[in-house]
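Please open the structure in your viewer, with the sequence panel beside it, and keep a selection tool at hand. The tour below moves from one selection to the next and says what is found at each stop.

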Amino acid sequence: MNIIKNIAVIGSGTMGNGIAHVLAQFGYQVALIDISAPALEKALATITKNLDRQIAKGALTETDKTKALNNIKTHTKIEEGVKQADLVIEAATENVTIKLDIFKQLDALCAPNTILASNTSSISITKIASVTKRADKIIGMHFMNPVPVMKLVEVIRGYSTSDEVTMLIMDLSKKLEKIPVEVNDYPGFVANRILMPMINEAIYSLYEGVAGVAEIDTVMKLGMAHPMGPLQLADFIGLDVCLNILKVLHDGFGNPKYAPCPLLVNMVTAGHLGAKNGKGFYEYSPGSKDLVVAAGFRKKEALSL
Ligand code: NAD
């Protein structure tokens with residue numbers, strides 16, 4: 001079927017710029033599309049900075065960097081960017097209305113053979129496919145953050161995704177030197193179905209006074225060899241994002257075990273969203289992810305571990 005050469009990436013935020021970076025580095029022609037021109041400018045600056053970091057580590061040369069940057073063209077209009085695409089990877093805001101609207105447009109604009117993938121963390125691939133006339137060519141391609149560093153791609157088969165399309169996306173992931181894992185389309189897929197209940201349970205442990213922030217994270221870091229405790233990880237993911245994914249699990253399974261902890265709901269309502277705005281289970285220096293101190297609760301020197 002398709003030979004994948006031209007790839008459009010929709011959304012140039014945290015994930016979109018990382019996906020464009022990796023595709024361009026491995027020689028694909030990338031149309032990076034965002035409704036926001038400043039977001040596109042910021043994405044190119046981030047990609048340049050991250051390519052420089054790879055050069056400093058000896059992983060890339062200046063020539064590789066120039067080639068990669070030349071492989072990326074930016075667009076603010078979806079119709080300009082997707083016409084030539086053999087594959088579109090959508091990485092726009094995690095909002096079901098936005099995504100369904102984008103996929104309706106893509107279905108109308110793209111050639112019949114074009115594969116349409118979504119990087120969604122939690123929205124049903126089968127639901128996305130239902131607004132198109134090409135359900136066999138709709139698939140989840142869930143990269144992890146930061147994309148240039150993390151090896152996993154969770155490849156999600158919707159109810160009607162074909163074997164051929166799944167194979168092409170598994171194969172592309174390997175060409176990007178990632179490790180793809182095929183999963184079926186149920187709420188949270190595998191990554192978030194397992195991760196989010198763990199984070200929620202850590203928040204419940206704090207809420208019920210079992211232990212403080214630093215103590216909970218230290219137990220999981222030193223006891224389970226996790227590189228980062230669940231509360232700090234929740235801050236990095238974004239507490240609003242964690243809450244939304246837990247709601248998807250709760251609604252999707254109808255099982256009370258996924259009900260978000262009231263403390264998480266309160267923190268999001270109060271505007272404490274984690275590292276992105278400096279306040280979560282920890283506090284962060286403005287504009288950075290450097291952890292300053294565990295917020296409120298019980299502060300212990302274990303933070304420095
Ligand atoms: P983000 O907010 O950083 O970026 C989203 C971008 O999409 C913004 O630049 C916005 O302007 C753009 N956008 C919104 N509507 C658009 C439209 N109609 N057309 C084109 N561009 C549009 O979000 P993100 O963190 O990069 O997340 C993107 C997707 O990746 C989401 O589905 C999210 O669930 C998923 N994801 C995120 C992470 C993560 O750690 N951030 C990890 C895995 C998957």
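What follows is a walk through a predicted model, with strands, ligand, and then single residues and loops as its stops.

**Strand β2 and its neighbours**

Begin by selecting strand β2, residues 29-33, and ask how many of its five residues are buried. Four of them are, so the strand is largely enclosed by the rest of the structure. Now add strand β1, residues 6-10, which runs parallel to β2 and is joined to it by five bridges; to find one place where the two strands meet, pick Ile7 and look across to Val30, its bridge partner in β2. With both strands still shown, add helix α1, residues 14-25, and you will have a right-handed β-α-β unit made of β1, α1 and β2.

Next, select strand β3, residues 72-75, which pairs with β2 in the parallel sense over four bridges. Here Ala31 is the residue to pick, since it stands opposite Lys73 in β3.

**The ligand and its shell**

Move on to the ligand and display the residues around it, of which there are 21, with Met15, Asp34, Glu94, Lys99 and Ser121 as the closest. By type, the shell divides into nine nonpolar, nine polar and three charged residues. Which elements supply at least two residues each? They include α1, which you have already selected, together with α5 (96-109) and β6 (138-143), and the largest share, three residues, comes from α5.

Zoom in on the oxygen atoms of the ligand and examine the following distances in turn. A polar side-chain atom of Asp34 lies 2.7 Å from a ligand oxygen, and a polar side-chain atom of Lys99 lies 2.8 Å from a ligand oxygen, whereas at Ala92 it is a backbone N or O atom that lies 3.4 Å from a ligand oxygen. Taken alone, the ligand exposes 830 Å², and the protein buries 78% of that area.

**Two aspartates**

Stay with helix α5 and select Asp107, which lies in it. Is Asp107 buried or exposed? Its relative accessible area is 16%, and because the cut-off for buried is under 20%, Asp107 counts as buried. Its side chain reaches the backbone nitrogen of Lys133 at 2.7 Å, so show that residue as well when you inspect this contact.

Then select Asp240 in helix α11, residues 239-253, where a relative accessibility of 22% makes the residue partly exposed. If you draw a line from its C-alpha to that of Ile4, it will span 35 Å, between residues that are 236 apart in sequence.

**Unusual backbone in the loops**

Most residues other than glycine have a negative phi, and most peptide bonds are trans. With that in mind, select Asn145 and Pro146, which are joined by a cis peptide bond with an omega of about -5 degrees; Pro146 lies in the loop between β6 and β7 (152-157).

Go on to Phe189, in the loop between β8 (179-184) and α8 (191-207), where phi is positive, near 55 degrees, and where the residue is buried at 4% relative accessibility. End at Ala225, in the loop between α9 (213-224) and α10 (230-237), which has a positive phi of about 60 degrees but is exposed, with a relative accessible area of 65%.

Conventions
Residues numbered from 1 in each chain as written. Predicted model: local features only at pLDDT ≥ 70, side-chain atom pairs only at ≥ 80, totals over all residues. Heavy atoms only, no water. Buried < 20%, exposed > 50% of the residue type's maximum accessible area, 1.4 Å probe, protein only. Pairing = 2+ DSSP bridges. Right-handed = clockwise from strand over helix to strand, strands pointing away. Near = heavy atom within 4 Å. Polar contact = N/O pair within 3.5 Å; in protein donor to acceptor, adjacent residues only side chain to side chain. Areas by Shrake-Rupley, 256 points an atom, 1.4 Å probe, with all protein chains shown as cover. Nonpolar A, V, L, I, M, F, W, Y, C, P; charged D, E, K, R; others polar.
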